[in-house]
Amino acid sequence: MSQQAETMSKAFEKLIDKYAERQDFDRLTTFHAARATMLSTLQDGTYEKMPAESELQPLMTEISRELAYLETALLKKP
């Protein structure tokens, strides 16, 4: 993972942790749905701003990782 992607990932994780701490599960659910939709449209080639082929797989990998992090945060829902 590039240093820029790692920095963005850490920022994303902090944001998700903050929402989970506040128990803002509606926002986390919305983030999850948006990321899942984005991943799906990237996979089927219908995303409106498709990245260059060389950027596609790393982007999908990162979104999958974000989805997993969101799912873990959502498990904290009472």
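The legends below accompany close-up views of a predicted model of one protein chain.

**View 1. The whole chain is built from three helices.**
Here is the overall picture before we zoom in. The protein chain has 3 helices and 0 strands, and its order along the sequence is α-α-α. Of the 78 residues in the chain, 27% are buried. Among contacts with a separation of 6 or more, 63% join residues 24 or more positions apart. The chain exposes about 5,600 Å², and carbon and sulfur atoms supply 53% of that area. As for confidence, the average pLDDT is 90, and 90% of the residues score at least 70. Among the elements, helix 2 has the highest mean pLDDT (96) and helix 1 the lowest (82).

**View 2. The largest nonpolar core draws on helices 1, 2 and 3.**
In soluble globular proteins, nonpolar side chains tend to be buried together. In this model, the largest nonpolar core holds 8 residues: Phe12, Ile16, Tyr19, Ala20, Phe25, Leu28, Leu70 and Ala73. Helix 1, helix 2 and helix 3 (53-74) each give two or more residues to this core. Which helix gives the most to this core? Helix 1 does, with 4 residues. Ala73 is a good place to rest your eye: leaving aside neighbours within four places in sequence, Ala73 is in contact with Ile16, Ala20, Phe25 and Leu28.

**View 3. A second core of 7 residues is separate from the largest one.**
Look here for Leu39, Leu56, Met60 and Ile63, which are among the residues of this second core.

**View 4. Tyr19 and Phe31 form an aromatic pair.**
A pair of aromatic rings is described by the distance of the centres and the angle of the planes. The count for this model comes to 1 aromatic pair. The ring centres of Tyr19 and Phe31 are 5.8 Å apart and the planes meet at 65°, so the pair is edge-to-face; the angle cut-off for that label is over 60 degrees. Tyr19 belongs to helix 1 (residues 3-21) and Phe31 to helix 2 (residues 25-44), so the pair ties together parts that are 12 residues apart in sequence. Are the two partners buried or partly exposed? Tyr19 is buried, at a relative accessible area of 11%, whereas Phe31 is partly exposed at 24%. Tyr19 is also one of the residues of the largest nonpolar core.

**View 5. A salt-bridge network links Lys10, Glu13, Glu62 and Arg65.**
Side chains of opposite charge can pair when their charged atoms come close. The structure holds 5 salt bridges, and this view follows some of them. In the bridge between Arg65 and Glu13, the closest N and O atoms are 3.0 Å apart. This pair links distant parts of the chain, with Arg65 in helix 3 and Glu13 in helix 1, 52 residues apart. Arg65 also meets Glu62 in a salt bridge, at 3.2 Å from N to O. Glu62 and Arg65 are 3 residues apart in helix 3, so about one helical turn separates them.

How covered are these charged residues? Glu13 is buried at 16% relative accessibility, because the cut-off for buried is under 20%. Glu62 is buried too, with a relative accessible area of 15%, while Arg65 is partly exposed at 25%. Not counting residues up to four places away in sequence, Glu13 touches Arg65 and Tyr69.

**View 6. Asp24 pairs with Arg27.**
Here is another salt bridge, that of Asp24 with Arg27, in which the closest N and O atoms are 3.1 Å apart. Asp24 is partly exposed, at 22% relative accessibility. Arg27 is partly exposed as well, with a relative accessible area of 37%.

**View 7. Gln23 has a positive phi in the loop between helix 1 and helix 2.**
Most residues other than glycine have a negative phi, and most peptide bonds are trans. Where is the residue with a positive phi of about 60°, although it is not a glycine? This residue is Gln23, and its place is in the loop between helix 1 and helix 2. Gln23 is exposed, with a relative accessible area of 53%.

Conventions. Residues are numbered from 1 along each chain as its sequence is written. This is a predicted model: local features need pLDDT of at least 70, side-chain atom pairs count only at pLDDT 80 or more; totals for chains, interfaces and linings use all residues. Side-chain values use heavy atoms; hydrogens and water are left out. Rings of Phe, Tyr and Trp (its six-membered ring) pair if their centres lie within 6.5 Å; planes under 30 degrees apart count as stacked, over 60 as edge-to-face and the rest as tilted. Buried means under 20% relative accessible area, exposed over 50%, partly exposed in between (1.4 Å probe, protein chains only). A nonpolar core is a set of buried Ala, Val, Leu, Ile, Met, Phe, Trp, Tyr and Cys residues joined through side-chain atoms within 4.5 Å. Contact means heavy atoms within 4.5 Å. pLDDT is the predictor's confidence in each residue, from 0 to 100. A salt bridge is a side-chain nitrogen of Lys or Arg within 4 Å of a carboxyl oxygen of Asp or Glu. Accessible areas come from the Shrake-Rupley method with a 1.4 Å probe; for residues, only the protein chains shown count as cover.
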